[in-house]
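Me: I am new to reading protein models. Please take one sheet and walk me through it closely, then show me what lies around it.

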Amino acid sequence: MSDRLSFTTMNLLNLQSSRRTTYPGSKPLGADLYKAKIRFLGLMLRAAQADVMAFQELWAVSALNDAFAEAGMADEYDFIARDATGVGRPQVALAARKGMLDCSVAADDSSFWINDFPAEAIFHKRRTIEQMKVEIDAFSRPVLSAMIQPPKGPAFRVMVAHLKSKRPMNLDKQEREVPAIAAHADPIGQALASIRRTAEAAALRIVLDQSMAANTVPHVVMGDLNNGSLSVSTGIITGNPRYRMIESQRNVAGRRADKGLFSVETLMHHRTQGHTNYTHIYENKLEVLDHILVSEEFYDHSNHRIWSFRHAEVFNDFLTLPHKRKEIEAALEINSKAHWPTDHGIARAFFEHNPFD
């Protein structure tokens with residue numbers, strides 16, 4: 001029975017079946033390009049395989065099954081996944097090694113997904129100089145929530161999320177026809193995207209508060225949160241717990257964090273010198289958008305520790321190294337970024353069963 005426990009999160013870059021579209025106006029992949037994408041995704045799955053794997057931007061479960069078959073891993077995992085539920089509604093998914101998931105219900109059972117914001121997520125500020133009203137009541141991509149039973153230690157809850165991207169929201173035709181508005185569509189769209197992402201982060205935090213309160217169930221949140229670990233939206237999700245820099249600190253920092261989530265990226269930074277990771281590049285900006293966040297049961301300095309953090313890494317060479325891209329493109333006959341299996345690095349973290357004495 002292994003003492004190790006590992007997690008991976010991977011954005012699939014709109015993984016859809018061959019000859020089927022994703023967003024309005026998108027072009028479907030032909031059979032050859034689909035096969036090439038599946039081959040490369042199979043390589044990535046074999047490289048980044050973990051006990052629990054989270055996925056974002058899934059449109060067709062059959063395509064994910066093809067990728068695992070290509071990796072030779074189809075018989076090693078159980079899945080919670082479902083097809084896209086409508087136009088512009090890709091899904092998140094979860095895979096766990098055989099025996100770790102409760103398979104007594106169907107893998108696409110609706111009880112796994114959280115579509116709507118909790119009733120408490122009310123974003124209204126009454127009439128003052130800061131008056132505001134945000135009428136968002138659902139996640140743009142539903143959150144997946146499931147229980148995992150590892151080989152050692154208690155069962156824990158995993159939530160997979162994919163928050164609204166930084167890409168500016170498109171204004172409606174009626175809004176674009178107003179010249180004064182159309183001239184500033186980009187900053188307005190960016191503000192709208194940020195507001196939605198922040199509202200989704202707050203709603204997820206409320207879900208976590210309700211799930212973590214008055215119990216000792218460990219929690220892990222994984223996925224593309226579309227913001228860095230120090231951003232406002234990610235901080236809302238983590239609850240900004242206090243990290244313990246040295247064991248001999250006299251205060252209680254890191255000893256207790258009933259509802260806090262610790263960033264694996266930060267844990268790794270505390271272990272290394274000059275260490276820089278990134279999971280996404282946009283206009284030459286290197287960012288960590290894909291996160292693995294863990295509750296105090298996975299934090300070394302916590303009095304409630306069950307697992308110790310060992311190591312984290314990001315598979316991202318194919319995002320920046322030209323020779324890597326050319327080698328892969330030549331081998332798989334891919335000649336367009338749109339045909340790659342992912343435009344994100346793949347984050348992986350390792351823990352070891354090590355209960356606090």
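Reply: Start with an open sheet of six strands, in a model that is predicted. Read across this sheet and the strand order is 3-4-2-1-16-15. The pairing is mixed. In general, strands of a sheet pair through backbone hydrogen bonds, either parallel or antiparallel.

Which strands stand at the edges? They are strand 3 (77-80) and strand 15 (307-315). Each has a single partner strand, so one side of each is left without a neighbour in the sheet. From one strand to the next, the twist averages 20 degrees.

Now look at the pairs. Strand 2, residues 52-58, runs antiparallel to strand 4, residues 91-97. Five bridges join these two strands. Pick out Ala54: its bridge partner in strand 4 is Leu94.

Two helices come next. Helix 1, residues 31-48, packs on this sheet. Helix 1 touches strand 1 (4-15), strand 2, strand 15 and strand 16 (346-353). The direction of helix 1 makes about 165 degrees with that of strand 1. Helix 2, residues 61-71, packs on the sheet as well. Its contacts are with strand 1, strand 2, strand 3 and strand 4. Here the angle is about 135 degrees, taken between the directions of helix 2 and strand 2.

Go back to the edge at strand 3. Strand 3 also pairs with strand 4 in the antiparallel sense, over four bridges. Within that pairing, Asp78 has Ala96 of strand 4 as its bridge partner. Are the faces of strand 3 covered or open? Both are covered. Tyr77 and Phe79 lie on one side, Asp78 and Ile80 on the other, and all of them are buried.

Stay with strand 1 for a moment. The loop between strand 1 and helix 1 holds Thr22. Thr22 has a relative accessible area of 16%, under the 20% cut-off, so Thr22 counts as buried. Which residues does Thr22 touch, leaving out those up to four places away in sequence? They are Asn14, Gln16 and Trp59.

Next, the second sheet. Another six strands form an open sheet, in the order 5-8-9-10-14-11. Its pairing is mixed. Strand 5 (113-116) and strand 11 are the edge strands, and each pairs on one side only. Inside this sheet, strand 9 (residues 156-162) pairs with strand 10 in the parallel sense. Six bridges link strand 9 and strand 10. As one example, Arg157 stands opposite His219 in strand 10.

Helix 5 belongs in this part of the picture. Helix 5 lies across strand 5, strand 8 (138-148), strand 9 and strand 10. It runs at about 30 degrees to strand 8. Check its length too. Helix 5 has 28 residues, 185-212. At 1.5 Å a residue, helix 5 should span 40 Å, and its end C-alpha atoms are 40 Å apart, which agrees. After helix 5 comes Ala214, whose phi is positive, near 55 degrees.

Follow strand 10 onward. Ser231 sits in the loop between strand 10 (219-224) and helix 6 (232-238). Is Ser231 buried or exposed? Its relative accessible area is 16%, so Ser231 is buried. The side chain of Ser231 reaches the backbone oxygen of Gly228 at 2.7 Å. That side chain also makes a polar contact, at 3.0 Å, with the side chain of Thr234.

On the other side of helix 6 in sequence is one more loop. Ala257 lies there, between helix 6 and strand 11 (262-263). Ala257 has 11% relative accessibility, so Ala257 counts as buried. Setting aside neighbours within four places in sequence, Ala257 is in contact with Pro241, Phe262 and Glu296. Compare Ala257 with His304: 47 residues separate them in sequence, and their C-alpha atoms are 9.2 Å apart in space.

Finally, step back to the whole protein. It has nine helices and 16 strands. Of its 357 residues, 49% are buried. Take contacts between residues at least 6 apart in sequence: 73% of these join residues at least 24 apart. The accessible surface comes to about 17300 Å², and carbon and sulfur atoms account for 51% of that surface.

Note on methods: Residues are numbered from 1 along each chain as its sequence is written. This is a predicted model: local features need pLDDT of at least 70, side-chain atom pairs count only at pLDDT 80 or more; totals for chains, interfaces and linings use all residues. Side-chain values use heavy atoms; hydrogens and water are left out. Buried means under 20% relative accessible area, exposed over 50%, partly exposed in between (1.4 Å probe, protein chains only). A polar contact is a pair of N or O atoms within 3.5 Å; within protein, one must be able to donate a hydrogen and the other to accept it, and residues adjacent in sequence count only if both atoms are side-chain atoms. Two strands pair if DSSP finds at least two bridges between them. Axes are lines fitted to C-alpha atoms, for helices over the stretch in contact, and angles run from 0 to 180 degrees between N-to-C directions. Contact means heavy atoms within 4.5 Å. The expected span of a helix is 1.5 Å times one less than its number of residues. Accessible areas come from the Shrake-Rupley method with a 1.4 Å probe; for residues, only the protein chains shown count as cover.
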